[in-house]
Amino acid sequence: MDTEARDQAYMRQALDLAARGLGRVEPNPMVGALVVRDDRVIAEGWHGRFGGPHAEVVAIAQAGDRCRGAELFVTLEPCCHHGKTPPCTNAILRAGIRRVVAAVGDPFPQVSGRGEALLRGAGLEVKVGVLADEARRLNAAYFKRQLTGLPLVIAKWAMTADGRIATATGESRWISCEASRRRVHEVRRIVDAVLVGAGTVVKDSPSLTVRHVEPLPERGQPTRVVLDEALAINPQREPAASARQVPLIVYAALDAPPARAEALRRAGCEVVHAPAEGRFVSPRHVLEDLGRRGMSRVLIEGGAHVFGSFLGAGLVDRAMIFISPRILGSAGGLGPVAGPSERGLEAALALEDLTVERIDTDILMQGRLGEF
């Protein structure tokens, strides 16, 4: 096996380790590490929880004295600054590692390129860029927030085979099967926020919490976010009714009725006034605010006008589309996205890195809509 193929094989193992931190380490990146000596993995580690030891430190501690003269494979450039933990570069140098292979550089300004330069300057052999695309995809939420200040945005909807998310009267429970709904709750428990529009809340009174699976103990329930320009939602109904137990942020127009805002605040909601774009609260302003709050992933669950505004603004990164093997056959049935009616096929958004999966009776189609 040549050196490149060998490095890639070990890096794939490290990426698999890194993925174990999904939902547990944010806003930090997921990182995995291997210590390799004489073509054998002698230790492994991953970043397991926010504020906990980094992957490199875990692997080095496991290997002990066997690190001297060994190689370290790590999915992200080792940190060289004091954060919640000491610099990983210090641990690497003390351990006597001779070669470091990193998948990708860290975009965090206090690390970017400096960790690599420090190790090279100390005489270590350093290689960066092994399975870099895979490493960026794994940590897309971290890279996006570091580079843009915005969280990664996932749009999720369920529809019939003829593209309807509800009947003409608004009935939508349940288009997807139980297994598909469980998958959605698995996603909810790794995101920081679940976002919907006021129309969805008024019609369905959704709780927007993790229920079909246990919430991760490291993060609990996601924050609920409602875009409600006129503050039409009822403070006595869900999700506002449980706002003192699970956080709820309501984004309202600048001229929303003050009395309604006060009623929601008394119920425990946080009301944030935001500028409008057309009829709706600015989706970019919402994401900028959520990014400032430290959120890494936001799951949008409807409705059609919310999807239309975020997609139209180019602010959706991933799509999860559950397709039920049923045909509604109704001209008045509602479609998933309500964007500008004049948009032509040349402006259609293309899903990249497309995957298709069978979930019981449904089909799940997932893809990427942009750089992240």
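**Salt bridges, helix packing and a buried helix**

Let me begin with a single residue: Arg-6 is buried, and its relative accessible area is 16%. Before I go further, I should say that what you have in front of you is a predicted model, and I will keep that in mind throughout.

The partner of Arg-6 is Asp-7, for the side chains of these two residues meet in a salt bridge, with 3.6 Å from N to O. Is Asp-7 buried or exposed? Asp-7 has a relative accessibility of 0%, so it counts as buried, and since Arg-6 at 16% is also under the 20% cut-off for that word, this salt bridge joins two buried residues. As a general point, side chains of opposite charge can pair when their charged atoms come close.

How many salt bridges does a search of the whole structure find? The search finds 28, and I will take you through two more of them, which share a residue. In one, Glu-270 pairs with Arg-293, and the closest N and O atoms are 2.7 Å apart. This pair links distant parts of the chain, because Glu-270 lies in strand β10, residues 270-274, while Arg-293 lies in the loop between α10 (283-292) and β13 (297-300), 23 residues apart. Glu-270 is partly exposed, at a relative accessible area of 35%, and Arg-293 is partly exposed with a value of 35% as well. In the other bridge, Arg-293 meets the side chain of Asp-289 at 2.9 Å, N to O, and here the partner is buried, given that Asp-289 has a relative accessibility of 12%. Elsewhere, salt bridges with shared partners connect Glu-4, Arg-6, Asp-7, Asp-39, Glu-71, Arg-98, Arg-99, Glu-125 and Lys-127 into one network, so the pair with which I opened, Arg-6 and Asp-7, belongs to that network.

I turn now to the packing of helices, and I will go from α2 to α3 to α4. Helix α2, residues 55-63, packs with α3 at an angle of about 25 degrees, and the two axes are 9 Å apart. That angle makes α2 roughly parallel to α3, and the crossing of α2 past α3 is left-handed. On the α2 side, Glu-56, Val-57 and Ile-60 meet Cys-88, Ala-91, Ile-92 and Ala-95 of α3. Sorted by class, the residues of this contact are six nonpolar, no polar and one charged.

Helix α3, residues 88-95, also packs with helix α4, residues 114-121, at an angle of about 20 degrees and with 10 Å between the axes. These two helices are therefore roughly parallel to each other, although in this case α3 passes α4 in a right-handed crossing. Which residues make the contact of α3 with α4? They are Thr-89, Ile-92 and Leu-93 from α3, together with Gly-115, Leu-118 and Leu-119 from α4. Four of these residues are nonpolar, two are polar and none is charged. If you would like one residue to look at, Ile-92 takes part in the contact with α2 and in the contact with α4.

Next come two helices that have buried residues. In α6, residues 140-148, the buried residues are Ala-140, Ala-141, Tyr-142, Phe-143 and Lys-144, and their cover includes α5 (132-138), β6 (152-160), β13 and β14 (318-324). Just after α6 comes Gly-149, with a positive phi of about 85 degrees.

Why can we call helix α11, residues 304-312, largely enclosed by the rest of the structure? Because seven of its nine residues are buried, and these are Ala-304, Val-306, Phe-307, Gly-308, Ser-309, Phe-310 and Leu-311. They pack against β6, β7 (193-197), β8 (223-227), α10 and β13. Gly-314 follows α11, and its phi is positive, near 70 degrees.

Finally, I would like you to find Val-337, in the loop between β14 and β15 (352-359). Val-337 counts as partly exposed, its relative accessibility being 35%. Leaving aside residues up to four places away in sequence, Val-337 touches Trp-157, Ala-304, Phe-307, Gly-308 and Leu-311, and among these, Ala-304, Phe-307, Gly-308 and Leu-311 are buried residues of α11. Val-337 and Arg-164 are 173 residues apart in sequence, yet their C-alpha atoms are 9.9 Å apart in space.

Key:
Residues are numbered from 1 along each chain as its sequence is written. This is a predicted model: local features need pLDDT of at least 70, side-chain atom pairs count only at pLDDT 80 or more; totals for chains, interfaces and linings use all residues. Side-chain values use heavy atoms; hydrogens and water are left out. Axes are lines fitted to C-alpha atoms, for helices over the stretch in contact, and angles run from 0 to 180 degrees between N-to-C directions. Helices (H or I, at least four residues) and strands (E, at least two) are DSSP runs, numbered from the N terminus. Angles under 35 degrees count as roughly parallel, over 145 as roughly antiparallel, 65 to 115 as roughly perpendicular and the rest as oblique. A crossing is left-handed if the near helix is turned anticlockwise from the far one by less than a right angle, and right-handed if clockwise. Contact means heavy atoms within 4.5 Å. Ala, Val, Leu, Ile, Met, Phe, Trp, Tyr, Cys and Pro count as nonpolar, Asp, Glu, Lys and Arg as charged, and the others, Gly among them, as polar. A salt bridge is a side-chain nitrogen of Lys or Arg within 4 Å of a carboxyl oxygen of Asp or Glu. Buried means under 20% relative accessible area, exposed over 50%, partly exposed in between (1.4 Å probe, protein chains only).
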